[in-house]
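Open the model in your viewer and keep the selection panel at hand. The stops below tell you what to select next and what is there.

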Amino acid sequence: VGLTKHFPIRGGPLGRQANVVRAVDGVDVTIGPGETLGLVGESGCGKTTTGRMLVRLIDPTDGRITFDGQSIEDLDAAAMRAVRRDMQIIFQDPYGSLNPRMSVQDIIAEPLEILNIGNASSRREQVAELLRVVGLAPYHAERFPHEFSGGQRQRIGIARALAVRPKLVVCDEPVSALDVSIQAQVVNLLKDLQAEFGLTYLFISHDLGVVRHISDRVMVMYLGKAVEVAPKRELYANPQHPYTQALLSAIPIPDPKRRTSRKVIRGDIPSPANPPSGCRFHTRCPHVMDVCRELEPQLLKGAPDHRVACHLVHPPSTARAENATT
Ligand code: SF4
């Protein structure tokens, strides 16, 4: 709740002026057991930082993190190790995230060794079983990462994340580096594994088309803020925020009879070191109003479980009353 991460930077003409990059600025994220929350936005919107804070790979500047009823944002390293078993991460880059000098056996068994789970013999059996569940033959255990394709490497990364039987897995752009033809296979594998092991996912992607296939709910982020959160069907059928509408209009639709006009987002995403005043999307929004430049819109509920941060949807005159009832 209220997750915030500001990274200090040095800037200014003399290189001495302290400043911060507001990577994430007060984001509330809730994920229920067995649920998949899709987290979407352009690069630099803070989605990866949010995912890494949730599993304490990086510490938040501010905010509370509760996992399984336990507050974890202040746990020391020893206490965090015990919780770490329940939360794992799958990284984007299947080429860079696997140590090229380690065999697949050692890569997948490493989390078991770090957490002192089992012995050498039982770990070998577990690695063979994990390879099987991700669709790779056990003999691959003796090979090295460079001997595999991108899709196979991501399966190895998934096996590594599952080795300690986690409850929550943060999937950080797990298919972005893969060929389109392989992406669906990996997404389907993640869905199958979720059903088999009762996993909870935070699925991070810049692609609303990919997120659609795996998520129960979707949160859209822009420049360190959550701008829209809704159940998947609701979000895709009835997007309310102009940024979500633009992202959705960019997804190709295979049916030529259902052509929608593409809404182009003008300009580049502003620097998170100096975000725009009021609504952070106002420099690019086709519906910008005077109030948008001054007053920051709050994430307010409209339809059930559908929250949007936009003055167009929740005019400031009514937002206070709506907020009181949400
Ligand atoms: Fe656009 Fe204003 Fe809504 Fe921001 S608050 S998305 S600028 S209409």
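**Stop 1: Pro272**

Select Pro272. Pro272 is buried, because 21 other C-beta atoms lie within 10 Å. Buried here takes 20 or more other C-beta atoms within 10 Å of a residue's own; 12 or fewer make it exposed, anything in between partly exposed, with C-beta atoms placed from the backbone. This is a predicted model: local features need pLDDT of at least 70, side-chain atom pairs count only at pLDDT 80 or more, and totals for chains, interfaces and linings use all residues. Residues are numbered from 1 along each chain as its sequence is written.

Pro272 sits in the loop between α9 (242-249) and α10 (290-294). Helices (H or I, at least four residues) and strands (E, at least two) are DSSP runs, numbered from the N terminus. Now add Val21. Its C-alpha is 5.3 Å from that of Pro272, with their positions 251 residues apart in sequence. Leaving aside neighbours within four places in sequence, Pro272 is in contact with Val21, Arg22, Ala23, Gly44, Leu223 and Gly224. Contact means C-beta atoms, placed from the backbone, within 7 Å.

**Stop 2: helix α9**

Stay with α9. Pro242, Tyr243, Thr244, Leu247 and Leu248 are buried there. Colour their partners next: the buried residues of α9 pack against β3 (36-40), α7 (208-212), β9 (217-222), β10 (225-231) and α8 (232-237).

**Stop 3: helix α1 and Arg56**

Select residues 47-54, helix α1. The helix is largely enclosed by the rest of the structure, because 7 of its 8 residues are buried. The buried residues are Lys47, Thr48, Thr49, Thr50, Gly51, Met53 and Leu54.

Move on to Arg56, in the loop between α1 and β4 (66-67). Arg56 is not a glycine, although its phi is positive, about 60°. Arg56 counts as partly exposed, because it has 18 C-beta neighbours inside 10 Å.

**Stop 4: α3 against α4**

Show helix α3 (residues 104-114) and helix α4 (residues 120-133). They pack at an angle of about 115°, with their axes 10 Å apart. Axes are lines fitted to C-alpha atoms, for helices over the stretch in contact, and angles run from 0 to 180 degrees between N-to-C directions. α3 and α4 are therefore roughly perpendicular to each other. Angles of 65 to 115 degrees get that label; under 35 is roughly parallel, over 145 roughly antiparallel, and the rest oblique.

α3 passes α4 in a right-handed crossing. Right-handed means the near helix is turned clockwise from the far one by less than a right angle; anticlockwise is left-handed. Show side chains: Gln105, Ile108, Ala109 and Leu112 of α3 meet Arg123, Arg124, Gln126, Val127 and Leu130 of α4. By class, this contact has 5 nonpolar, 2 polar and 2 charged residues. Nonpolar covers Ala, Val, Leu, Ile, Met, Phe, Trp, Tyr, Cys and Pro; charged covers Asp, Glu, Lys and Arg; the others, Gly among them, are polar.

Pause at Asn116, in the loop between α3 and α4. Its phi is near 60°, positive in a residue other than glycine. Is Asn116 buried or exposed? Asn116 counts as exposed, because it has 8 C-beta neighbours inside 10 Å.

**Stop 5: α3 against α5**

Swap α4 for helix α5 (residues 150-162). α3 and α5 pack at about 30°, with their axes 7 Å apart. That makes α3 roughly parallel to α5. Their crossing is right-handed. Val104, Ile107, Ile108 and Pro111 of α3 make the contact with Ile156, Ala159 and Arg160 of α5. The classes here are 6 nonpolar, no polar and 1 charged.

**Stop 6: α5 against α6**

Keep α5 and add helix α6 (residues 180-197). The two axes come within 10 Å and cross at roughly 20°. That makes α5 roughly parallel to α6. From α5 come Gly150, Gly151, Gln154, Arg155, Ile158 and Leu162; from α6 come Ile182, Gln185, Val186, Leu189, Leu193 and Phe197. This contact divides into 7 nonpolar, 4 polar and 1 charged.

Zoom in on Ile182. Ile182 counts as partly exposed, because it has 16 C-beta neighbours inside 10 Å.

**Stop 7: the ligand**

Finish at the ligand. Of the 14 residues around the ligand, Cys279, His282, Cys285, Cys292 and Cys310 come nearest. A residue is near if its C-beta atom, placed from the backbone, lies within 6 Å. The shell has 10 nonpolar, 4 polar and no charged residues.

Definitions and conventions
Two residues are in contact if their C-beta atoms, placed from the backbone, lie within 7 Å.
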